[in-house]
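Subject: Handover of a structure and findings

Dear colleague,

Please find below the structure that I am passing to you, followed by an account of what was found in it. I would be grateful if you could read the account alongside the coordinates.

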Amino acid sequence: MGLLGSIIGSIAESIQGSSDSKYIEEIKPKMMNSAIANDFEIWFKSQLESSPFLYSQYNFYDNCERLVIVDDDGVVICFEIEKTNVDDSCVCSFVNTLGYKPLSANGLSYSNGKPASERVLIKAFAEVVKERIKKVLDAFSGDYTFGIIRYDDGTDKNSSYLDRVSQKANASAFGGDAKLHQASGFTYKVPKKEEKSAF
């Protein structure tokens with residue numbers, strides 16, 4: 001049942017993903033031109049201009065790949081420099097940092113009047129965050145590469161489809177405290193810092 005469940009799960013997810021894309025394209029323009037998107041861009045630019053965060057973007061000792069995670073209430077930018085044993089993260093909370101409600105509390109609706117789902121809001125805002133980060137990085141020299149946006153519904157990806165349905169059902173049964181943590185994420189990679197030759 002594990003293999004069959006995985007196949008069924010993949011089909012169900014691709015169907016869900018295709019229906020999401022229609023809604024994402026509908027609400028993304030509203031998000032892209034919003035105050036929260038503008039404020040996030042200003043925040044990211046200010047972080048990039050601070051010495052520690054700037055240093056983390058251009059480090060000779062790592063692959064310069066950074067992970068960006070977007071959830072209902074924030075954006076987390078993680079970096080890890082393995083050879084120097086340095087890892088850190090920079091968190092932009094919509095409530096505490098920018099002064100906005102979580103994405104799901106902002107009242108966005110589709111054209112049919114139906115409230116936008118948290119899943120669609122997170123996936124759409126991850127695309128907005130990606131574009132705003134690109135915009136800021138365009139002001140710097142060098143080529144930037146970005147990974148595709150992936151969505152995680154909080155279930156164990158190695159379990160069977162039925163087990164994952166069970167995880168969601170159990171979370172619903174126990175209310176808000178057991179709510180599955182949904183998030184979208186992507187990576188971006190910046191050029192390594194140029195170092196002066198010693199000889």
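A salt bridge is here a side-chain nitrogen of Lys or Arg within 4 Å of a carboxyl oxygen of Asp or Glu. By that criterion, the structure holds 9 salt bridges. Please note that this is a predicted model.

Salt bridges between helices α1 and α4

Side chains of opposite charge can pair when their charged atoms come close. One such pair is Arg119 with Asp20, whose side chains meet in a salt bridge at 2.7 Å, N to O. This pair links distant parts of the chain, since Arg119 belongs to helix α4 (residues 118-137) and Asp20 to helix α1 (residues 2-32), 99 residues apart. Both Arg119 and Asp20 are buried.

Asp20 also meets the side chain of Lys123 in a salt bridge, with an N to O distance of 2.8 Å. Here, too, distant parts of the chain are linked: Lys123 is in helix α4 and Asp20 in helix α1, 103 residues apart. Asp20, Arg119 and Lys123 are thus linked in a network of salt bridges. Why do Lys123 and Asp20 count as buried? The cut-off for a buried residue is under 20% relative accessible area; Lys123 is buried because its relative accessibility is 15%, and Asp20 is buried because its relative accessible area is 1%.

Helix α2

Helix α2 covers residues 35-49, and its 15 residues should span 21 Å at 1.5 Å a residue; the end C-alpha atoms are 21 Å apart, which agrees. The buried residues of α2 are Ile36, Ala37, Phe40, Glu41, Trp43, Phe44 and Leu48. Seen down the axis of α2, these buried residues fall within an arc of 165°, so they line one face of the helix. The face turned away from this buried side carries the exposed residues Ile42 and Glu49.

Helix α2 also holds a salt bridge of its own, between Lys45 and Glu49, with the closest N and O atoms 2.7 Å apart. The two residues are 4 residues apart in α2, about one turn of the helix. An α-helix has 3.6 residues a turn, so residues three or four places apart point the same way. Lys45 counts as partly exposed, at 42% relative accessibility, whereas Glu49 is exposed, with a relative accessible area of 51%.

Asp71 in strand β1

Asp71 is placed in strand β1 (residues 65-71) and counts as buried because its relative accessibility is 18%. The side chain of Asp71 reaches the backbone nitrogen of Asp73 at 2.9 Å. A polar contact of 3.4 Å also joins the side chains of Asp71 and His181. Leaving aside residues up to four places away in sequence, Asp71 touches Phe94, Leu103, Ile122, His181, Gln182 and Ala183.

Cysteines

A disulfide is a covalent bond between the sulfur atoms of two cysteines. With the cut-off set at sulfur atoms within 2.5 Å, the count comes to 0 disulfides. Cys78 is in no disulfide, and the nearest cysteine sulfur, that of Cys90, is 9.7 Å away. Cys78 counts as partly exposed, at 21% relative accessibility, while Cys64 counts as buried, at 0%.

With kind regards

Terms used. Residues are numbered from 1 along each chain as its sequence is written. This is a predicted model: local features need pLDDT of at least 70, side-chain atom pairs count only at pLDDT 80 or more; totals for chains, interfaces and linings use all residues. Side-chain values use heavy atoms; hydrogens and water are left out. Buried means under 20% relative accessible area, exposed over 50%, partly exposed in between (1.4 Å probe, protein chains only). A polar contact is a pair of N or O atoms within 3.5 Å; within protein, one must be able to donate a hydrogen and the other to accept it, and residues adjacent in sequence count only if both atoms are side-chain atoms. Contact means heavy atoms within 4.5 Å. The expected span of a helix is 1.5 Å times one less than its number of residues. The arc is that of the directions from the helix axis to the C-beta atoms.
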